[in-house]
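Reader: I would like a close look at a single part of this model. Please take one piece of the fold and follow it outward.

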Amino acid sequence: MKEKSVLREEMKKILGNMDRSSHATKCKAIHDKLFASKEWKDAQTIAVTISRFPEVDTEDIIMRAWDEGKKVAVPKCIPKNKSMEFYFLENFNQLETVYFGLKEPIVTEVEICHKDKLEFILVPGLIFDEEGYRIGFGGGYYDRYLVDYTGSKVSLAFTEQLVKKVPTDPFDIPVHKIVTNEVVYDCAIRK
Ligand SMILES: Nc1ncnc2c1ncn2[C@@H]1O[C@H](COP(=O)(O)OP(=O)(O)O)[C@@H](O)[C@H]1O
Ligand SMILES: [Mg+2]
């Protein structure tokens with residue numbers, strides 16, 4: 001089986017070749033399925049990253065959450081120990097661009113959201129399998145954060161990002177549900 005690092009680079013290439021209009025169409029299909037899911041409907045406080053193309057867009061998800069009266073929390077990474085803290089985001093002006101064009105909350109303008117307040121986490125990733133295992137961007141941030149998290153874990157993916165089986169390490173934590181532009185997978189393993 002290929003190594004995670006090789007698979008990551010291959011998938012980044014595939015996704016980078018997606019044209020903007022099919023990207024937008026597929027994002028819309030994913031969003032509609034997400035908004036119809038029980039996990040989404042049941043959650044009052046959700047955690048979500050700020051996406052960058054060609055990831056599945058999350059800006060519309062955040063706006064929809066606000067429209068529905070949900071609270072939205074976004075992560076700030078702490079690279080020195082590869083941990084994250086989530087903060088409540090109330091508008092997009094509370095974001096700043098940090099390394100690699102990544103947008104994060106300006107911590108002086110937002111309130112911290114503790115893990116036990118999060119009912120739903122949208123877990124980002126590059127490659128997924130039907131058991132809910134994922135290959136992320138390589139930092140292991142979510143594997144660390146999810147260790148003691150008990151709420152809903154959902155990932156969004158384009159059909160191209162689904163594979164039969166991803167290579168896993170003992171510390172990898174699977175998600176409960178994967179929503180693609182074509183299918184919603186209820187993943188077998190619940191941890
Ligand atoms: N719970 C954890 N505690 C400590 N280190 C961890 C934990 N989970 C993952 N890691 C570290 O994070 C690194 C990246 O994990 P990996 O699964 O390859 O990345 P990703 O999940 O982003 O694809 C691993 O080398 C591993 O040592
Ligand atoms: Mg991992």
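How many residues does the hairpin use to join E11 to E12?

Author: The hairpin joins E11 to E12 through 3 residues. This is a predicted model. Start with the loop itself, then move across the sheet.

Val183 sits in the loop between E11 and E12. Val183 has 12 C-beta neighbours inside 10 Å, so it counts as exposed; the cut-off for exposed is 12 or fewer. A distant part of the chain can be placed relative to this loop. The C-alpha atoms of Val183 and Ala29 are separated by 9.8 Å, although the two residues are 154 residues apart along the chain.

Now the strands on either side of the loop. E11 covers residues 177-180. Both of its faces are covered. Lys177 and Val179 are buried on one side. Ile178 and Thr180 are buried on the other.

E12, residues 184-186, runs antiparallel to E11, and 3 bridges join the two. Here Ile178 stands opposite Tyr185. E11 also pairs with E10, residues 152-157. That pairing is parallel, with 4 bridges. Ile178 appears here too: it is the bridge partner of Ser155. In general, strands of a sheet pair through backbone hydrogen bonds, in either the parallel or the antiparallel sense.

Next, the whole sheet. It is open, has 8 strands and shows mixed pairing. The order is E6-E3-E2-E1-E7-E10-E11-E12. E12 and E6 (112-113) stand at the edges with a single partner strand each, so one side of each has no neighbour in the sheet.

Follow that order to E1, residues 45-47. On one side, E1 and E7 (residues 120-122) run parallel, joined by 2 bridges. Ala47 has Ile121 as its bridge partner in E7. E1 also runs parallel to E2, with 3 bridges between them. In that pairing, Ala47 stands opposite Ala73 of E2.

A helix belongs to this region. E1, H4 and E2 make a right-handed β-α-β unit. H4 spans residues 59-67, and its buried residues are Ile61, Ile62 and Ala65. Seen down the axis of H4, these buried residues fall within an arc of 100 degrees, so they line one face of the helix. Their packing partners are helix H2 (20-36), strand E1 and strand E2 (71-78). On the other side of H4, Met63 and Asp67 are exposed. Just after the helix comes Gly69, with a positive phi of about 80 degrees.

E2 leads on to another hairpin. It pairs with E3, residues 83-89, in the antiparallel sense over 7 bridges. Val74 stands opposite Tyr87 of E3. The hairpin of E2 and E3 has 4 residues between the strands. Lys82, in that turn, takes a positive phi of about 50 degrees.

One site remains: the shell around ligand 1. It holds 13 residues, and those that come nearest are Gly136, Gly140, Asp143, Arg144 and Phe171. By class, the shell divides into 5 charged, 4 polar and 4 nonpolar residues.

Back to the starting point. The hairpin of E11 and E12 ends at a sheet edge, where E12 has a single partner strand. E11 has buried residues on both sides, while Val183 in the loop counts as exposed.

Note on methods:
Residues numbered from 1 in each chain as written. Chains lettered and ligands numbered in written order. Predicted model: local features only at pLDDT ≥ 70, side-chain atom pairs only at ≥ 80, totals over all residues. Near = placed C-beta within 6 Å. Nonpolar A, V, L, I, M, F, W, Y, C, P; charged D, E, K, R; others polar. Buried ≥ 20, exposed ≤ 12 C-beta atoms within 10 Å, placed from the backbone. Pairing = 2+ DSSP bridges. Arc of directions from axis to C-beta. Contact = placed C-beta atoms within 7 Å. Right-handed = clockwise from strand over helix to strand, strands pointing away.
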